[in-house]
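Me: Could you take a close look at one part of this protein for me and walk me through it? I'd like one connected account, with a bit of the surroundings thrown in.

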Amino acid sequence: MIFQLENNQAFSRSMLWDLQRQYFEKKGFDAWRLGEVPHYVTSNPRIANSYAELVIGLYKDTKHLLPSDNTEPIYLLEAGAGSGRLGYYLIKQLHRLCDQENIPHHTFCYILSDFTQRNPDFWKQHPAFQTYLSEGLADIALWDMTKQDDITLQISGKKIRPGSLGGPLVLIANYVFDSIPQELFYTANGKCSLCKVSLQTKRDPAGLSAAELLREISCSYQAADPAGPVFTEPWLNGLLDHYRQQPHEGYFFFPETGIRSLAHLRSCSEMGLLVITADKGAHEINNIVYTEVPELVKHGSFSLSVNYHAISNYAAQSGGFALFPEHRYASVNTGCIALLNNENPCLQTRAAFTNRLENSGPDDYFTLYQYMATQISNMPLKVLLSMLRFSLYDSHLLAHCLPRLQELGAEMSAPEKEELITVMAACWENYFSLGEKTDLASEIAAFLYGINLFDWAVYYFKMSADIYGHDTGTLFNIAACYQQSGEMENAKIILDIVLKKDPDNAEALSLLQDISNELINTPDYDH
C-alpha cells in the first residue's frame, strides 16, 4: 500500500523541509553526538585553522577602513553551528593566530547560532565555552537562515540588523546551504521549468517520527513551465535566466533561500559580508546540471548538492567575487565569497585562500585522513606522532591511534614516552566533549597506566570523572595509580570514598588490604 503525503508541491515549499526542521528540533546536539549527521570533515582543527587564516587576512585587508576609535569586534556568525565543535576549534585557532600577530583577542567575537533553542542551551552550559562567553569573545543566537530577522545575541543582548555593524561580518556556513529550502528546475530548449514534488511512503505515516518518515519517503517530480516570473525579486530572476541560456539539458537546484540570506546579512554591515563555506556542491556550470533527478542524501536528516555556481554569480553581479579550488573535490568543496561594500582587492584574504583552501585544503586533509586511518595499525610511533602533529592535534584522530599505541607501549623509550605525553596533552587540549559513549580520557589513562606513567594516568582519569561522573570504577582506577606510584595515603583516601559508595566492592577491599600490608611492612611507618 502507498500513502500519499504530498502532491505537486513546489520543491522549496515541500513538507520535506518541515520534516528536516522537526528532526533537528527533536534531536538537538544528539544528531552529532550519536553520529547520525556526519560532520568530522567540516569540524576538525585543520579546517578551523584554514578558516582562522582567512579571517586574519580579512582583518588585515579592512582594518585601515575602521575608525581609529572603533571598539566593536568583527563578528563571526556560524550558521547551523550544531554541536558547537567547529566553533570551539575556530576560536582556539583564531586566538593562536592573534597571539602570533599581536592582535587583541577582543578584535573578534564568535557567534554560535542555530534555529532550534536546544543547541544554544547546550552551548551555554558547555564547559569549553564558559570563558569565551564570560569575556565577550563568543556569543550565542537563535537564528534561522531561512528568515531575514534581526539576530539577537543572547549573552550581550546586541542586535545585528541592517546597518548595525561598522566592520565586516563573517558568515561561517558549513553543511548549511545543502540543508535549507531551495528550488528545483529542469532546463531545456531555452526554458527553465519549475519541478514540483510528490511524496509517498509505503508505511502508514501516522505515528512515525520525522526521522522515520525521512528514511521511508520517496519522491517523484513533474516539471511545469511557470506562468510568469518565478521570484518576486528581479535580480533573482536575472540569476535564473543564466540557466536558460546554457547548452546542457537536465535538472539543477537553485539556492534562492541561501542567496536571499546572504543579501540580508550583507546589508547588516557598512563594509559588507565575507562567507566561508564548505559543503557538497559544485561551482562550475558543467557540474550543477544533472541528467537524472538528484536523490536526497539521507543521514538521519537529508541534504542536497549545493549550486555554488549560482551563489558565485550573485557575488559577481553584486560587485564581489567568489574563490573556489580549481581542482575537483573528493568529499567537500570549500569556498570564500566576498560581498564587500567597497573595491578592496582583499590581497591578504586571497593569499590565505590560496594557501589554506586551494593548496592542501580541508578536502585534501580529509582525503589523507581517510587513508591514514586505514594504515594506523601498521604505523611506527614516529609516524603516529607526525600524523597527530599534522592534524594540528586532533583528539578524534588520537582516539583511532590508541589501539596501535597500546601495541607499541612496551617498546617505548623514556624520551619517546615524554614526546608522546606532549602530543597527547595537545590533543586533549583540543577535545570537545559531546558526552559520547567512548570515554577518551579514560582510554588515554588506561593506556598510560599500562606503560607505567601513573601520574599522567591519574590526570586523565580525573578528566574522565569530570566529564562522566565520579563513579566507583574511575575512582578505583585513580587509587590503583596512586598505589603503583607509591602514594599509599592518597590511595587509601580514594578507596575510602569508593567503599562508602559501595561497601561490598571486592576489588577496592582487596586493594585496600594490599596497601595496608605494604604500609605495615614499611620502615618508619607510624602504626
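Reply: P229 counts as exposed, because its relative accessible area is 69% and the cut-off for that class is over 50%. Keep in mind that this is a predicted model. P229 belongs to the loop that runs between β10 (218-224) and α8 (234-244). Eleven residues away along the chain is L240, and the C-alpha atoms of P229 and L240 are 9.9 Å apart.

Now for the part I'd look at most closely, strand β8. β8 covers residues 183-188, and five of its six residues are buried. What does β8 pair with? One partner is β11 (residues 250-254), joined to β8 by five bridges, with the two strands running antiparallel. Within that pairing, F185 sits opposite F252 of β11. Another partner is β9 (residues 191-201), again antiparallel, this time with four bridges to β8. Here A188 faces K191 of β9. As general background, side chains in a regular strand alternate between the two faces of the sheet.

The link from β8 to β9 is a hairpin with two residues between the strands. N189 lies in that loop, and its phi is positive, near 55°, even though N189 is a residue other than glycine. Is N189 buried or exposed? N189 is exposed, since its relative accessible area comes to 75%, on the far side of the 50% cut-off. So you can set an exposed turn residue, N189, beside a strand, β8, that is mostly covered.

Go to the other side of β8 and there is a second backbone oddity. Y175 is in the loop between β7 (169-174) and β8. Y175 also has a positive phi, about 50°, without being a glycine. Its accessibility is another story: Y175 is partly exposed because its relative value is 22%, and the buried class needs under 20%. That leaves the loop before β8 with a partly exposed Y175 and the loop after β8 with an exposed N189.

For contrast, here's a helix pair. α19 (residues 488-501) packs against α20 (residues 506-520) with axes 10 Å apart and an angle of about 150°. That angle makes α19 roughly antiparallel to α20, because anything over 145 degrees falls in that class. The crossing of α19 and α20 is left-handed. Which residues in α19 and α20 meet? On the α19 side they are M488, E489, A491, K492, L495, D496, V498 and L499, and on the α20 side A508, L509, L511, L512, I515, E518 and L519. Sorted by class, the contact of α19 with α20 has eleven nonpolar residues, four charged ones and no polar ones.

Zooming out, the protein has 20 helices and 18 strands. Of its 527 residues, 54% are buried. The C-alpha atoms fill a box of roughly 95 × 70 × 45 Å along the principal axes. As for contacts between residues at least 6 apart in sequence, 74% of them join residues at least 24 apart.

Key
Residues are numbered from 1 along each chain as its sequence is written. This is a predicted model: local features need pLDDT of at least 70, side-chain atom pairs count only at pLDDT 80 or more; totals for chains, interfaces and linings use all residues. Side-chain values use heavy atoms; hydrogens and water are left out. Buried means under 20% relative accessible area, exposed over 50%, partly exposed in between (1.4 Å probe, protein chains only). Two strands pair if DSSP finds at least two bridges between them. Axes are lines fitted to C-alpha atoms, for helices over the stretch in contact, and angles run from 0 to 180 degrees between N-to-C directions. Angles under 35 degrees count as roughly parallel, over 145 as roughly antiparallel, 65 to 115 as roughly perpendicular and the rest as oblique. A crossing is left-handed if the near helix is turned anticlockwise from the far one by less than a right angle, and right-handed if clockwise. Contact means heavy atoms within 4.5 Å. Ala, Val, Leu, Ile, Met, Phe, Trp, Tyr, Cys and Pro count as nonpolar, Asp, Glu, Lys and Arg as charged, and the others, Gly among them, as polar.
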